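Biologist: I'm used to gels and assays, not coordinates. Please take me through how to read a model, one feature at a time.

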Amino acid sequence: MPSRSRKPVSRVPALPPSGVLDWSASWHWSPEARPCRYCGAPTHLRDSKKHPADKVCAEAALADIDQIIRVYSGQAEL
């Protein structure tokens, strides 16, 4: 039986092409400062799941995840 070749999986990058997330919506802000889930510094910002997160930390984490996905999918080198 001939082996089936897999179709490449198209995926949406974690970050937009600019590399900057749009956190202009008012729900990204909370009056209560809580520790950032990435760095632990107090922040009033909330990510899309309402977890406390600095915008810069969230962008860096998504960029890291995107790089890992590209390496394991063979689209980039370490």
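**Reading the model**

Modeller: Let's start inside helix α1: D66 and R70 sit four residues apart there, so about one helical turn separates them. Helices and strands here are DSSP runs (H or I over at least four residues for a helix, E over at least two for a strand), numbered from the N terminus. Before we go on, this is a predicted model, where local features need pLDDT of at least 70 and side-chain atom pairs pLDDT 80 or more, while totals for chains, interfaces and linings use all residues. Residues are numbered from 1 along each chain as its sequence is written, and side-chain values use heavy atoms, with hydrogens and water left out.

Biologist: Fine. Which elements does the protein chain have, and in what order do they run?

Modeller: The order from the N terminus on is β-β-α, so to speak a short list: one helix and two strands.

Biologist: Back to D66 and R70. What joins their side chains?

Modeller: First the general idea: side chains of opposite charge can pair when their charged atoms come close. The rule for a salt bridge is a side-chain nitrogen of Lys or Arg within 4 Å of a carboxyl oxygen of Asp or Glu. D66 and R70 meet that rule, with 3.5 Å from N to O.

Biologist: How many salt bridges does the rule give in total?

Modeller: The count is three. Another one pairs K55 with E59, whose closest N and O atoms are 2.7 Å apart. K55 and E59 are also in helix α1, four residues apart, so about one helical turn lies between them.

Biologist: What about D47, which residue is its partner?

Modeller: D47 bridges to R37, with 2.7 Å between the closest N and O atoms. This pair links distant parts of the chain: R37 is in the loop between β1 and β2, D47 is in the loop between β2 (42-45) and α1 (55-72), and 10 residues separate them.

Biologist: Are those charged residues buried or exposed?

Modeller: We go by relative accessible area, computed with a 1.4 Å probe on protein chains only: under 20% is buried, over 50% is exposed, and in between is partly exposed. D47 is buried at 9%, whereas R37 is partly exposed at 46%. For the helix pairs, E59 is buried at 12% and K55 is partly exposed at 23%. D66 is buried at 13%, while R70, at 29%, is partly exposed. Across the protein chain, buried residues make up 22% of the 78 residues.

Biologist: D47 keeps coming up. How do I look for a pocket around residues like that?

Modeller: Rolling a probe the size of a water molecule over the atoms shows where empty space is left. In detail, on a 1 Å grid over the protein atoms alone, a pocket is an open set of points where a 1.4 Å probe fits, with protein on both sides within 12 Å along at least five of seven lines, and a lining residue has an atom within 4 Å of a point. The largest pocket here has a volume of about 180 Å³, the volume being the space filled by probe spheres set on the points, which are joined across faces, edges and corners.

Biologist: Which residues line the largest pocket?

Modeller: Both R37 and D47 are in the lining, together with L21, W23, H28, Y38, S48, K49, A58 and L62. Those residues divide into five nonpolar, two polar and three charged. In that scheme Ala, Val, Leu, Ile, Met, Phe, Trp, Tyr, Cys and Pro are nonpolar, Asp, Glu, Lys and Arg are charged, and the others, Gly among them, are polar.

Biologist: Now a strand residue. What does S30 touch?

Modeller: A contact means heavy atoms within 4.5 Å. S30, which lies in strand β1 (residues 29-35), touches H44 and R46, leaving aside residues up to four places away in sequence. S30 is buried, at 14%.

Biologist: And the backbone? What is odd about phi at K50?

Modeller: Most residues other than glycine have a negative phi. K50 is not a glycine, yet has a positive phi of about 65 degrees. K50 lies in the loop between β2 and α1.
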